[in-house]
Amino acid sequence: MPAAAPEEITRESWLALIVVTAAAFLVVLDVSVVNVALPSIARDLKATSAQLPWVISGYNIALASLLLLAGRTADRRGRRATFTAGLYLFLLGSLLCGIANSPLTLIVARVVQATGGAFLMPASLAMVLPQFPLSRRGVAIGIWGAAGALGAAFGPSVGAVLISTWSWRGIFLVNVPLAALPRRGSAKSSRRWRGIFLVNVPLGLIVAVLARRLVAETRDQSAEGPLDLIGVPVGVAGVALIMYGIVRSEQHGWTDQSVLGLILAGIAVVPLVVWRSTRHPAPLLDLSLFEGRPYSVSTAAFWVYSLAFTAGFFLNSFMFQELWGMSVLKTGFGLTPGPLIAAVTSARLGGMADRIGHRWIVSVGCWVTAAGYLWILLTFTSEQDYVFVYLPSAALIGVGVGATIAGYQSAAMAEVGVDQFASANATLRTFQQVGYAIGISVVSTLAAGFSYDGIYDGFVWVMACFVVSGVVMLIGYPSGSATARQASNP
């Protein structure tokens, strides 16, 4: 069913979009810096090789497992309330990460942080989309997506600077002025606590207050009764098992019995969740979303896209450091151009998709991204050549990602009803997170040891996934704009 939406965009709607994109930027920024900090974390907290991966894996498993529940909660209980609760929980998790004194406490804090992010992100977009007409929804999602791209762009460089000038703790307290933080080796912990309190807490309060003033509370008015008390925990556990199995495959390989057992156990509960979703009035998974061709095709194509997206950046980082011998600081700044270009082009291409449709914009964007990785395949060697090898590919990848990362979300949400905004976004992001995990695991296997040949094979995988994703979108997604389709099917 077409989504009900206003005919014009008010000033308050634009301000509300700025507020939620600021929150999204902070979340992505805080998450994107962690990879460059792992060696420093290992040294400072004396983390073992078995503990260290869980700093990232614990976050990813918790996030993917809770997204469906978060989306359903936001649509049923209120998007603004869910957004605010998620924001506070994310800030609390960031604070706990910044003061963690052992690997275990850091991993637990990352799970808290992920829980807040799971509830914040779907609700942040869903609570402002009802204020935008169907003909401008792509622009809104493009701006929201640009915030994420900016977070990804500046994350590695911000992290590298903070690690170099202070310590890894700065990446979780990134909003705290460096002057208010103790330098490495300093015992002035009171200054650190004062800096945290004086900056992070007011920041969260400001965003929450502005959201309350600028965004009306919205929810699914037809929702009645509690969520499925069987389907919800079973579904959450199923996604967690699948994610845990994928994460273990990075160390133990895909043929390991424990890996296969975990993944198969997670997959085994899918039929039960689907069965409960067809019968319970308030299921975890809203199957009606997949009745629409735009949503179902976009979700399938986006899952294939996700197999390559983070895997490509992962390989670039290791090409810089392991193959070319670049420092953490140089790597952080070196990775910035692609996401920065994506942020600049995202909103403009989102507006173009609103006018002419998502089918060709997103498909061509996938192939442009694939062309960027093809350039790397044709030019890179074991000798460092950043300007000739990486910069041209970064330009292509940046434009391609600008057309796709928000374009896929806009294409999926094009004909979703207002009452399903958060659930639709959360379901899409669940497929995205599982795809990210599989992609990282595959390229970790292909690029074992991070030799030239291994990295080359990883880039072949990445390029192929982007090509296939564009083909799926071109073949399956309906032509024309969402507004034109709505007019032809009143």
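These are my notebook entries on a predicted model, covering the fold, salt bridges, three single residues, a pocket and a cavity.

**Entry 1. Overall make-up**

I began with the secondary structure of the protein chain, which comes to 18 helices and zero strands. I then looked up burial: of the 490 residues in the chain, 57% are buried. For contacts, I took those with a separation of 6 or more. Residues 24 or more positions apart account for 82% of them.

**Entry 2. Salt bridges**

How many salt bridges does the count give? I get three.

I looked up Asp-286 with Arg-72 to begin with. Their side chains meet in a salt bridge, at 4.0 Å from N to O. Asp-286 sits in the loop between α10 and α11, and Arg-72 sits in helix α3 (residues 54–77), so this pair ties together parts that are 214 residues apart in sequence. I also checked burial here, and both Asp-286 and Arg-72 are buried.

Next I took Arg-79 and Asp-75. These side chains form a salt bridge at 2.8 Å, N to O. Both Arg-79 and Asp-75 are buried.

Then I turned to Asp-228 and Arg-276, where the closest N and O atoms of the salt bridge are 2.6 Å apart. Asp-228 belongs to the loop between α7 (189–214) and α8, while Arg-276 belongs to helix α10, so the pair ties together parts that are 48 residues apart in sequence. Asp-228 and Arg-276 are buried.

**Entry 3. Arg-429**

I wanted to know what Arg-429 pairs with. I placed Arg-429 in helix α16. Arg-429 is buried, yet I find no salt bridge for it. How far away is the nearest side chain of opposite charge? That side chain is Asp-75, and the distance is 13 Å. Asp-75 itself meets Arg-79 in a salt bridge.

I then listed the contacts of Arg-429, leaving out residues up to four places away in sequence. Arg-429 touches Leu-67, Met-121, Trp-144 and Gln-409.

**Entry 4. Met-121**

I followed the contact from Arg-429 to Met-121. Met-121 lies in helix α5 (residues 103–126). Is Met-121 buried or exposed? Its relative accessibility is 6%, so I count Met-121 as buried.

With residues up to four places away in sequence not counted, Met-121 touches Ala-24, Val-27, Val-28, Trp-144, Asn-425 and Arg-429. Trp-144 thus appears in the contact lists of both Met-121 and Arg-429. I also looked up the backbone spacing to one of these partners: the C-alpha atoms of Met-121 and Val-27 are separated by 8.4 Å, and the two residues are 94 residues apart along the chain.

**Entry 5. The second largest pocket**

I moved on to open space. The second largest pocket holds about 500 Å³. I count 23 residues in its lining, and those that lie nearest its centre are Val-239, Ile-242, Val-270, Thr-430 and Phe-431. The elements that give two or more residues to this lining are α8 (231–252), α9 (257–268), α10 (270–279), α11 (293–323) and α16 (421–446).

What classes of residue line this pocket? I find 17 nonpolar, six polar and no charged residues. Helix α16, one of the contributing elements, is also the helix that holds Arg-429.

**Entry 6. The second largest cavity**

I then checked enclosed space and found two cavities of 30 Å³ or more. The second largest cavity has about 60 Å³ of space. Its lining has 14 residues, and the closest to the centre are Ser-346, Leu-349, Gly-350, Ala-406 and Gly-407.

Which helix gives the largest share of this lining? It is α15, with five residues. At least two residues each come from α6 (137–165), α13 (337–356), α14 (358–379) and α15 (386–413). By class, I find six nonpolar, eight polar and no charged residues in the cavity lining.

**Entry 7. Gly-350**

I picked Gly-350 from the cavity lining. Gly-350 is in helix α13. Its relative accessible area is 12%, so I enter Gly-350 as buried.

Not counting residues up to four places away in sequence, Gly-350 touches Gly-138 and Val-139. I also looked up Thr-404, which is 54 residues from Gly-350 along the chain; their C-alpha atoms are separated by 9.0 Å.

Key: Residues are numbered from 1 along each chain as its sequence is written. This is a predicted model: local features need pLDDT of at least 70, side-chain atom pairs count only at pLDDT 80 or more; totals for chains, interfaces and linings use all residues. Side-chain values use heavy atoms; hydrogens and water are left out. On a 1 Å grid over the protein atoms alone, a cavity is a set of points where a 1.4 Å probe fits but cannot get out, and a pocket is an open set with protein on both sides within 12 Å along at least five of seven lines; lining residues have an atom within 4 Å of a point. Grid points are joined across faces, edges and corners, and a volume is the space filled by probe spheres set on the points. Helices (H or I, at least four residues) and strands (E, at least two) are DSSP runs, numbered from the N terminus. Ala, Val, Leu, Ile, Met, Phe, Trp, Tyr, Cys and Pro count as nonpolar, Asp, Glu, Lys and Arg as charged, and the others, Gly among them, as polar. Buried means under 20% relative accessible area, exposed over 50%, partly exposed in between (1.4 Å probe, protein chains only). Lys and Arg count as positive and Asp and Glu as negative; His and the chain ends are not counted. Contact means heavy atoms within 4.5 Å.
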